[in-house]
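Here is a short report on the links that hold side chains and strands together in one model. Look at the sequence and the structure first, then read on.

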Amino acid sequence: MKLLWAVSALLLSCWRADASTAANIVANPPEVSNQTYAVLTCNLTDNLAIKGSYWVHNGKIIEDSKSTDTSPYITHTLEKITHTSGGKYECVFLTEPQVNQTIEVKTLPHVYAYKHSEHGNEKDKGVLVCMSHGYPLPTNWNWYKGDDEDQEPIINGTSDKYEIRSTPNKTTLTINDLSIENDIGDYICSGTNELGTNKDKIHLRVRSRLAALWPFLGIVAEVIILVTIIFIYEKRRKPDEVNDGMYTMKSNSTANHKDKNVRQRNSN
Amino acid sequence: MPPAAATNLGYTPPDGGWGWAVVFGAFISIGFSYAFPKSLTIYFKEIQEYFSVSYSEIAWVSSVMLASMYAGGPVSSILVNRYGSRPVVLVGGLMVSGAMVLASFGTTIIHLYLCIGVIGGFGLAFNLQPALTIIGTYFQVKRPLANGLAMTGSPVVLSTLAPLNQFLFDSFGWRGSFLILGSIVLNCCVAGALMRPVNKSAQPKPKTEPPLCNGAAAEEDAAADTGAQSDNLLTEENQSENKSQGHIRKFIDLSLFRHRGFLIYLTGNVVMFFGFFAPVVFLAPYAKHLGFDEYSAAFLLSIFALVDMFIRPATGLLGNTKWIRPRIQYFFSFAVSYNGLCHLMCPLAHGYIGLVVYAVFFGLAFGMVSALLFEVLMDLVGAHRFSSAVGLVTIIECGPVLLGPPISGALVDVFGDYKYMYYACGVFMLAPGIFFFIMHYYNYKRLDEEQRQTVALEMRTSEEAVELKMSPDDKIAHETDG
């Protein structure tokens, strides 16, 4: 009985092994789901000459994991599994030819809003964006309008008002013709992958068309008042200066050629 | 300037009083002219996404605005020569304000090019030229100080507008912000209202002091055809001379191209402007390239702006002292060369402290050159022809100013290293600096000679005038009627 189990396990592990390798690597655990701590191990069961090994995370070699140890059994510890440390891990043995095995570390999707507070102008359009990191990426995106208690799903294509465009790592909700009464409030984006769902909230504020008008009018009024004050001040001072000139002229004027010259000189 | 030049102006500039209010008005006008195009870049990212255009297309708005501002120089000069500073600044303020309000309703990017770029740029040109010109009419003795104070407007308004624009953008979005900016720019009209035309009925003072500086006095004497060479003491003749030359100066004074000092200034400046603005543009990117984070890079710019703000009035004050005023062209040449040296030494700066030191020295250099830039032009051509001169200078400088940063950018892209760009900018500034030193040495010598000649001529004509005065009165009356 035990022999039967061993043979079937061996067959299963062969079937699971990478098609490109004839070698057998036993990866334990084969998959990590929803755990906060895991130790990934790889055991090379074939008798190949091992020159070293290393681990790869999402296509990038983990520098610290490089070793020249010839042991066929290598481990990699994940202390705290979050969406950044999730993904595809590969253990690679430096043999002729190289062999590797993949272990998938799956986490809940990390859903976050591009901006938690968005602004839109009345009658204009508002764009709300949510993004996601992690592995695996959400396969399904949903948008809801309302608070945590009272939520209404927004369905794509039912009206011209809402448009939802989604890719695995980004979703965009476009609200057309914003109105101050109806569209202000919280919007929730939720992304679902095979492990579960995560969501984030965005608060939408709609500015009135006339919001900028009041400061504009205020400053224009201030400018007009200042310009008027300056011109009035000048008009009140100018007659004094003109009078000074005239007094000088009057005191010099007689019906004389000589005085006409003096006047000419003063006006210079 | 000595009272000798004041006699040629036909009146004594107040050198104070309402002049300080005019300096404040010029401060605002110049501040908006230089700082406004730079501060609009905060909105570009949002507008770029809104209209779905590329980055280079949105950057064109800034370029068109700057190009219009420089190209509008001669138009502005002609209008100032004809109508005086005040109406032109008022119209300019209204134009920029209207442009921003129209832009806030814009539906395409072409709309923005036309409104902000063309109309806004011309409006700013109508602000810049008259503001510079009117300082020359109000100040003679304290003119470098007045110029330095007025040019401080640029960094002060920029430091105010930058955070304000960010706040407006967060609160109102780009359309609302453009509307409100339209009203803020309307304050240029307040500045224009302050620019009261100077009272020219003041009596000219007799020539008792020896000339403090050469420059415009000797130049105008040498260049003027009739009036200056004879009967200078008889103010009747002076009046007719001003009238005939006034007709030419009503439009634009193209005889400036035969003016030695003007040509020196123009040649040097054209080369200098290739390397003047680029280091400012690339200061933050260079810091980021060396590995410093965004906030440290932005802090460098703040240090630069702060030093710039304080050094401009200080330079004005320094330029006013009796040691420097007569030879202010050498001071300007020194400032330009110092700028060049700063850039050549920049690649040697190590670490963040090195960059901070560079930012401080660069702020010093930039502020010095900016404060003196128009003062030396006024010193060379005189207040009468300054408005035409500055119009011609800005339109010719248009090319280097627009081409400078892209060329530097290309240097950085080709070599992948910022140091070649700094070497290039250093050379672009050091060469004109040395050129200025040599040419102004030669120029001052020639001016001293001409001054001696005209003094000798005046001594002769004053003897003749004494003889003339003894002749009958009706002969003089005849001349005044003519």
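A disulfide is a pair of cysteine sulfur atoms within 2.5 Å. A search of the whole structure finds two of them over all chains. The model is predicted, so to speak of local features pLDDT must be at least 70, side-chain atom pairs count only at pLDDT 80 or more, and totals for chains, interfaces and linings use all residues. Side-chain values use heavy atoms, without hydrogens and water, residues are numbered from 1 along each chain as its sequence is written, and chains are lettered from A and ligands numbered from 1 in the order in which they are written.

**Disulfides**

A disulfide is a covalent bond between the sulfur atoms of two cysteines. The table lists the two pairs.

| Pair | S to S distance | S-S torsion |
|---|---|---|
| A:Cys42 and A:Cys91 | 1.9 Å | about -80 degrees |
| A:Cys130 and A:Cys189 | 1.8 Å | -75 degrees |

The link of A:Cys42 and A:Cys91 is left-handed, because its torsion is about -80 degrees. A:Cys42 lies in strand β3 (residues 38-44) of chain A, and A:Cys91 lies in strand β7 (residues 87-93) of chain A, so the bond ties together parts that are 49 residues apart in sequence. Here helices (H or I, at least four residues) and strands (E, at least two) are DSSP runs, numbered from the N terminus. Both A:Cys42 and A:Cys91 are buried. Buried means under 20% relative accessible area, exposed means over 50%, and partly exposed is in between (1.4 Å probe, protein chains only).

The link of A:Cys130 and A:Cys189 is also left-handed. A:Cys130 sits in strand β11 (residues 126-133) of chain A and A:Cys189 in strand β16 (residues 185-192) of chain A, so this pair joins parts 59 residues apart in sequence. A:Cys130 is buried at 0% relative accessibility. A:Cys189 is buried too, with a relative accessible area of 0%. Counting bonded cysteines along chain A, the pattern is 1-2, 3-4.

What about B:Cys189: which cysteine sulfur is nearest? That of B:Cys188, 7.1 Å away, and B:Cys189 is in no disulfide. B:Cys189 is buried, with a relative accessible area of 6%.

**Salt bridges**

A salt bridge is a side-chain nitrogen of Lys or Arg within 4 Å of a carboxyl oxygen of Asp or Glu. The count comes to 14 over all chains. One of them joins A:Lys106 and A:Glu31, at 3.5 Å from N to O. A:Lys106 is in strand β8 (residues 99-106) and A:Glu31 in strand β2 (residues 31-33), both of chain A, 75 residues apart. A:Lys106 is buried at 8% relative accessibility, whereas A:Glu31 is partly exposed at 39%. A:Glu31, A:Glu104, A:Lys106 and A:Glu194 are linked in a network of salt bridges.

Other salt bridges cross between chains. B:Arg86 pairs with A:Glu234, with N and O 2.5 Å apart. The pair runs from helix α6 (residues 85-104) of chain B to helix α3 (residues 213-252) of chain A. A:Glu234 also meets B:Arg196, at 3.3 Å from N to O. B:Arg196 lies in the loop between α10 (187-194) and α11 (216-223) of chain B. B:Arg86 and A:Glu234 are both buried, and B:Arg196 is buried as well.

**The sheet**

Two strands pair if DSSP finds at least two bridges between them. In chain A, five strands form an open sheet with mixed pairing, in the order β2-β8-β7-β4-β5. Its edge strands are β2 and β5 (60-61), each pairing on one side only. β2(A) and β8(A) pair in the parallel sense over three bridges. There A:Ser33 stands opposite A:Lys106.
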